[in-house]
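Here are some short exercises to work through with the structure open beside you. Try each task yourself before you read its solution.

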Amino acid sequence: MKTINPDTALILVDVQHDFLPGGALAVPQGDEILPIIAALQPQFDHIVATQDWHPADHGSFAANHPNTQPGQQIELGGLPQILWPVHCVEDTSGADFPTTLDRSRWKRVFQKGRNPVVDSYSGFFDNARKGDTGLRSYLLLQGVRRVCIVGLALDYCVKYTALDAKSLGFETVVLLDATRAVNLKSEDGKLAIEELKAAGVLCMDSKFLSSYV
Ligand code: VGL
Ligand code: ZN
């Protein structure tokens, strides 16, 4: 069943209740990726997940800044920051993975977004590129040289995880059918794909993966 080379890891980005329909920061059609991920998982030896995991006082929440609305941009710790609805608060059900997602073969979960004064879209580093989740050194210790990235959301955490993976020297593939965009602006998903391709990230549908890797 494992048809993908063991030097290749599957990274599941933020497949959590709050990013799925009904969640606090629901990604449109986010649930459509679940059966695709279920079909992908048995093909990989190495599977890791990232988990958006914020303290309640996190600076990315509009609710923590007077007179602001989600979607608005502010400055946080010297960086531009889009404000979000309260989401993925530590130890709440919104931060949980859906029970329909098989976690039995995941090697590790890397939490991100714990520092209240900086957001963390990438699964590798926070947005200031100071905090390190340990994902890079974990992958290197496992002998991983290629990563396939899926999950939510394409225009934020998937995009930044893929750009960091590529810049760290991993061959990087985003499986487009197993991701969906928030699309605060309707073209954001399309722009994210263009940005990824320009950076040398391979973007393909999962049905083409086995002929490629
Ligand atoms: C995400 C916005 C805020 C994501 C996380 O997982 O794409 N987006 N926190
Ligand atoms: Zn978040």
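## Exercise 1: The largest pocket

β4, α3 (154-167) and α4 (188-198) each give at least two residues to the lining of the largest pocket. Keep in mind that this is a predicted model.

**Task.** Find which element gives the most to the lining of the largest pocket, and describe the lining by class.

**Solution.**
- Step 1. Start with the space itself: the largest pocket holds about 510 Å³.
- Step 2. Next, look at the 23 residues that line the largest pocket; I82, Y121, Y156, K159 and Y160 are the closest to its centre.
- Step 3. Turn to the elements: α3 gives the most, with 5 residues.
- Step 4. Finally, sort the lining of the largest pocket by class, which gives 10 nonpolar, 5 polar and 8 charged residues.

## Exercise 2: The largest cavity

**Task.** State how many cavities of 30 Å³ or more there are, and say which residues lie nearest the centre of the largest cavity.

**Solution.**
- Step 1. The count comes to 1 cavity of 30 Å³ or more.
- Step 2. The largest cavity contains about 110 Å³ of space.
- Step 3. Its lining has 13 residues, and F19, L25, Y121, Y156 and C157 lie nearest the centre.
- Step 4. By class, the lining of the largest cavity has 9 nonpolar, 1 polar and 3 charged residues.

## Exercise 3: The zinc site

**Task.** Work out which residues coordinate the zinc ion (ligand 2) and why the arrangement of its donor atoms is irregular.

**Solution.**
- Step 1. List the residues: D52 (OD), H54 (NE2) and H87 (NE2) coordinate the zinc ion (ligand 2) at 2.0 to 2.2 Å.
- Step 2. Read the angles. The 4 donor atoms subtend angles of 88 to 168 degrees, which makes the arrangement irregular. For a tetrahedral label, all angles would have to lie between 85 and 135 degrees.
- Step 3. Follow the chain: the donors have the spacing D-x1-H-x32-H. H54 sits in the loop between β2 (46-52) and β3 (73-76), and H87 in the loop between β4 (79-82) and β5 (108-112), so this pair ties together parts that are 33 residues apart in sequence.
- Step 4. Check the accessibility. Buried means under 20% relative accessible area; H54 is buried at 0%, and H87 is buried at 3%.

## Exercise 4: Four residues in loops

**Task.** Decide for each of Q43, S60, G77 and P85 whether the residue is buried, partly exposed or exposed, then find one neighbour or contact.

**Solution.**
- Step 1. Q43 is in the loop between α1 (34-40) and β2. With a relative accessible area of 17%, Q43 is buried. The side chain of Q43 reaches the backbone oxygen of A39 at 3.1 Å.
- Step 2. S60 is found in the loop between β2 and β3. Its relative accessible area is 0%, so S60 is buried. The side chains of S60 and H58 are joined by a polar contact of 2.9 Å.
- Step 3. G77 belongs to the loop between β3 and β4. G77 has 74% relative accessibility and so counts as exposed. From C-alpha to C-alpha, G77 and A128 are 8.6 Å apart in space, while in sequence they are 51 residues apart.
- Step 4. P85 lies in the loop between β4 and β5. At 25% relative accessibility, P85 is partly exposed. A distance of 8.2 Å separates the C-alpha atoms of P85 and Q69, which are 16 residues apart along the chain.

Key. Residues numbered from 1 in each chain as written. Chains lettered and ligands numbered in written order. Predicted model: local features only at pLDDT ≥ 70, side-chain atom pairs only at ≥ 80, totals over all residues. Heavy atoms only, no water. Donors = N, O, S within 2.8 Å, 3.2 Å for Na, K, Ca; no water. Tetrahedral: all angles 85-135°; square planar, octahedral: opposite > 155°, others 65-115°. Helix = DSSP H or I, 4+ residues; strand = E, 2+ residues; numbered from the N terminus. Buried < 20%, exposed > 50% of the residue type's maximum accessible area, 1.4 Å probe, protein only. 1 Å grid on protein atoms, 1.4 Å probe; cavity = no way out; pocket = protein on both sides within 12 Å on 5 of 7 lines; lining within 4 Å. Points joined across faces, edges and corners; volume = space filled by probe spheres on them. Nonpolar A, V, L, I, M, F, W, Y, C, P; charged D, E, K, R; others polar. Polar contact = N/O pair within 3.5 Å; in protein donor to acceptor, adjacent residues only side chain to side chain.
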